[in-house]
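Please open the structure in a viewer and keep the sequence panel beside it. The tour below proceeds by selections, each followed by a description of what is found there.

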Amino acid sequence: MIDWLTDVFSSLQGWFFEAAVQPLVYAIGLGGWTEDAFDATGWLLVGLIEIVALVVLIGPLQRWRAVEPVTDRHAIRIDVLYTLIHRLGLFRLVMFFTLQPVFDAVLGSLRAAGWGTLHLDELRPGLTDVPVVAFAIYLVVLDFVGYWIHRGQHRFDWWWGLHSLHHSQRQMTMWSDDRNHLLDDIIHDTVIVAVAQLIGVAPGQFIAFVAFTQLSESLQHANLRLGFGAIGERLWISPRFHRLHHSIGLGHESRGPRTLGGHNFGVLLPWWDMLFGTANFEKRYDPTGVRDQVEPGADGRVRDYGRGFWAQQWLGLKRMAGRG
């Protein structure tokens with residue numbers, strides 16, 4: 001099945017590249033970048049497929065079993081912008097031109113120092129090199145890393161200053177997953193890509209992992225009254241489980257009002273929350289956001305997280321520096 005899907009995707013990527021992307025690359029004088037453009041075509045195609053899935057599959061679910069009525073369409077439109085920037089490859093394009101050379105140099109230095117790539121799919125030849133098994137292994141390992149990245153985002157003041165933008169959405173929908181500070185995304189993606197490289201995730205498997213993860217996270221953030229039952233909730237993260245992570249006073253506080261921490265940090269699997277004592281399986285659907293948006297601080301004011309894209313990015317930097 002994995003091989004078949006890979007073949008179908010490769011055929012679509014090749015067709016789309018030859019029909020649309022390659023002519024454009026040559027037309028603007030970037031013929032020397034055709035190999036990189038082909039890789040970028042894969043990400044663009046994945047993003048288009050994901051957006052179609054959001055509109056066709058998750059959108060009707062939201063209308064069927066909404067947690068709350070839609071009252072702030074402007075906030076949702078900003079989230080749609082974040083989704084388009086990330087899913088259609090614009091963010092990765094900027095990363096490629098600005099950070100990829102540095103990233104390649106660091107990985108090259110690590111390998112030169114003897115830190116070679118560990119291919120986890122070669123642990124038990126005949127079993128772990130089966131495509132579906134290898135994909136499952138890499139998914140679990142990268143999900144474990146994602147859990148600890150998420151814990152860090154809620155642990156350190158400067159990092160929470162960036163990540164709190166993601167939590168400031170009070171109108172949660174399927175578009176809310178990509179509502180992040182760009183610097184926060186750079187840190188997260190750098191760690192995930194580095195680990196993926198060091199454990200030997202193949203490019204095709206990494207694209208599949210990212211696509212699978214993003215679709216699942218879009219469902220988790222949906223305005224959808226849906227849990228997976230007593231057993232299912234402990235196997236895969238549901239919209240109900242993740243909404244609690246975004247709930248005011250529940251998902252981002254551990255030791256009382258205005259403290260850091262929280263519950264339900266898992267990306268795909270609730271196993272790590274269960275193992276490290278951060279899981280909360282209460283069946284509830286509370287208002288989402290950050291406490292300081294709705295309750296005045298010591299200065300008598302509530303915090304402004306911004307209404308537009310650039311305002312949100314600037315205010316995130318100010319919070320990171322302790323001035324917002």
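In which helix does Q153 lie? Select residues 131-153, which form helix 6, and Q153 will be found within that helix. The model on display is predicted.

**Stop 1: Q153 and its surroundings**

Keep Q153 selected and display its side chain. With a relative accessible area of 6%, Q153 is buried, since buried means under 20%. Next, show W159, W160, H163 and D184, which Q153 touches when residues up to four places away in sequence are not counted. One of these contacts, D184, is itself among the buried residues of helix 8.

**Stop 2: helix 8**

Move on to helix 8, residues 182-198. Its 17 residues should span 24 Å at 1.5 Å a residue, and the end C-alpha atoms are indeed 24 Å apart, so the two values agree. Colour D184, D185, I192, A194 and A196, which are buried in this helix. Then step past the end of the helix to G200, which follows helix 8 and has a positive phi, near 85°.

**Stop 3: the largest nonpolar core**

Which residues have the most contacts inside the largest nonpolar core? Select V201, F206 and F209, which hold that place in a core of 28 residues. Now display helix 2 (34-64), helix 6, helix 8 and helix 9 (203-221), the elements that each give two or more residues to this core. Helix 6, where the tour began, gives the most, with eight residues.

Centre the view on F206. Leaving out residues up to four places away in sequence, F206 touches W43, I192, V193, A196 and V201. Of these partners, I192 and A196 were already coloured as buried residues of helix 8.

**Stop 4: helix 9 and its packing**

Remain with helix 9 and select T213, which is placed in this helix. Is T213 buried or exposed? T213 is buried, with a relative accessible area of 9%. Draw a distance between the C-alpha atoms of T213 and L268: although these positions lie 55 residues apart along the chain, the separation is 7.0 Å. Apart from its neighbours within four places in sequence, T213 is in contact with V267 and L268.

Then add helix 11 (239-246) to the view. Helix 9 and helix 11 pack with their axes 7 Å apart, at an angle of about 70°. Helix 9 is therefore roughly perpendicular to helix 11. To display the contact, select L219, Q220 and H221 in helix 9 together with P239, H242 and H246 in helix 11. By class, this contact has two nonpolar, four polar and no charged residues.

**Stop 5: N264 in a loop**

From helix 11, follow the chain into the loop that leads to helix 12 (271-275), and select N264 there. Most residues other than glycine have a negative phi. N264, although not a glycine, has a positive phi of about 60°. N264 also counts as buried, at 0% relative accessibility.

**Stop 6: R291 in helix 13**

Select residues 291-294, which make up helix 13, and pick out R291. At 15% relative accessibility, R291 counts as buried. Display I248, G249, H252, E253, P257 and R258 as well; R291 touches these residues, not counting those up to four places away in sequence.

**Stop 7: helix 3 against helix 14**

Select residues 73-87 for helix 3 and residues 309-320 for helix 14. The two helices pack at an angle of about 80°, with their axes 10 Å apart. They are therefore roughly perpendicular to each other. Show I78, L81, Y82 and I85 in helix 3, which meet F309, Q312 and Q313 in helix 14. The contact has five nonpolar, two polar and no charged residues.

Stay with helix 3 alone for a moment. Its 15 residues reach 21 Å from the first C-alpha to the last, close to the 21 Å expected at 1.5 Å a residue. Among its buried residues are I78, Y82 and I85, each of which also takes part in the contact with helix 14. G89, which follows helix 3, has a positive phi, near 90°.

**Stop 8: W33**

Finally, select W33 in the loop between helix 1 (2-27) and helix 2. W33 is partly exposed, with a relative accessible area of 38%. The C-alpha atoms of W33 and D157 are separated by 41 Å, and these residues are 124 residues apart along the chain.

Note on methods. Residues numbered from 1 in each chain as written. Heavy atoms only, no water. Axes fitted to C-alpha atoms, helices over the stretch in contact; angles between N-to-C directions. Helix = DSSP H or I, 4+ residues; strand = E, 2+ residues; numbered from the N terminus. Parallel < 35°, antiparallel > 145°, perpendicular 65-115°, else oblique. Contact = heavy atoms within 4.5 Å. Nonpolar A, V, L, I, M, F, W, Y, C, P; charged D, E, K, R; others polar. Expected span 1.5 Å × (residues − 1). Buried < 20%, exposed > 50% of the residue type's maximum accessible area, 1.4 Å probe, protein only. Core = buried A, V, L, I, M, F, W, Y, C linked by side-chain atoms within 4.5 Å.
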